[in-house]
Amino acid sequence: MPALVERLLELALENAGAGWGCVLLRRDSGWGVISSRPGDLQEIQLDEDNSDLPVSLLRYALRTRGSVVVEEALHSAYRDDDAIRRRRPRSLLCLPQDQSQRIPGVLYIENNLSGGGFSRE
């Protein structure tokens, strides 16, 4: 399964023109990054500050169970998030995968080259 998830992430990044992204899966102990491109993340906890991922954006997407598209991250409501300040992405997409009452996974991708890189459709 990891090879399939890695390939799906690769395709999502390629088709969206994104430069970085990850797939998170719900685990008993919280959320685990099962794939990232480039492969620089292993584990995160959404209940504490994390400088690798924009925790505020992820929490919002999980709470509302909806996709979040940010056209200009540095001028958005998430601009004070440590990950946004450190990584300085231009546009963001966070897409929770909802299955009945539980969200088993999240796709998160960044475009560092242009604002408005992702569509809400």
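**Notebook: helices, a hairpin and a pocket**

I started just past the end of α1, where Gly 17 follows the helix and has a positive phi, near 70°. A note to self before going on: this is a predicted model.

**Overall layout.** I counted elements next. The protein chain has 3 helices and 5 strands. Reading along the sequence, I get the pattern α-β-β-α-β-α-β-β. I also looked up burial: of the 121 residues in the protein chain, 40% are buried.

**Helix α1.** Back to the helix before Gly 17. How far apart are the end C-alpha atoms of α1? They are 21 Å apart, and that agrees with the 21 Å that 15 residues should span at 1.5 Å a residue. The helix runs over residues 2-16.

Then I asked which residues of α1 are buried. I found Val 5, Leu 9 and Leu 13. They sit on the same side of α1, because they cover an arc of only 70° around the axis. I jotted down the general reason for such spacing: an α-helix has 3.6 residues a turn, so residues three or four places apart point the same way. On the face turned away from the buried side I noted the exposed residues Ala 3, Leu 4, Glu 14 and Asn 15.

**Helix α2.** I did the burial lookup again here. The buried residues of α2 are Val 55, Leu 57, Leu 58, Ala 61 and Leu 62. Their arc around the axis is only 165°, which puts them on the same side of α2.

**Positive phi outside glycine.** What follows α2? I found Arg 65, with a positive phi near 60°, and I flagged it since this is a residue other than glycine. Arg 65 lies in the loop between α2 (55-64) and β3 (68-70). Is Arg 65 buried or exposed? Neither label fits: its relative accessibility is 36%, so I put it down as partly exposed.

I have another arginine on this list. Arg 88 is not a glycine either, yet its phi is positive, about 55°. I located Arg 88 in the loop between α3 (82-87) and β4 (91-99).

**Hairpin β1-β2.** Moving on to strands, I checked how β1 pairs with β2 (residues 30-37): the sense is antiparallel, over 7 bridges. The two strands form a hairpin, with 2 residues between them. As a landmark I picked Leu 24, which stands opposite Val 33 in β2.

**The largest pocket.** Last stop. I read off a volume of about 240 Å³ for the largest pocket. How many residues line it? There are 14, and those nearest the centre are Val 5, Leu 8, Val 23, Leu 25 and Gln 97. I had already met Val 5 among the buried residues of α1.

Which elements supply the lining? I wrote down α1, β1 (20-27) and β5 (102-111), each with at least two residues. α1 gives the most, with 5 residues. I sorted the lining by class as well: 12 residues are nonpolar, 2 are polar and none are charged.

**Where I ended up.** For my own memory, α1 is the element to reopen next time: its buried residues are on the same side of the helix, and α1 gives the most residues to the lining of the largest pocket.

How values were computed:
Residues numbered from 1 in each chain as written. Predicted model: local features only at pLDDT ≥ 70, side-chain atom pairs only at ≥ 80, totals over all residues. Heavy atoms only, no water. Helix = DSSP H or I, 4+ residues; strand = E, 2+ residues; numbered from the N terminus. Expected span 1.5 Å × (residues − 1). Buried < 20%, exposed > 50% of the residue type's maximum accessible area, 1.4 Å probe, protein only. Arc of directions from axis to C-beta. 1 Å grid on protein atoms, 1.4 Å probe; cavity = no way out; pocket = protein on both sides within 12 Å on 5 of 7 lines; lining within 4 Å. Points joined across faces, edges and corners; volume = space filled by probe spheres on them. Nonpolar A, V, L, I, M, F, W, Y, C, P; charged D, E, K, R; others polar. Pairing = 2+ DSSP bridges.
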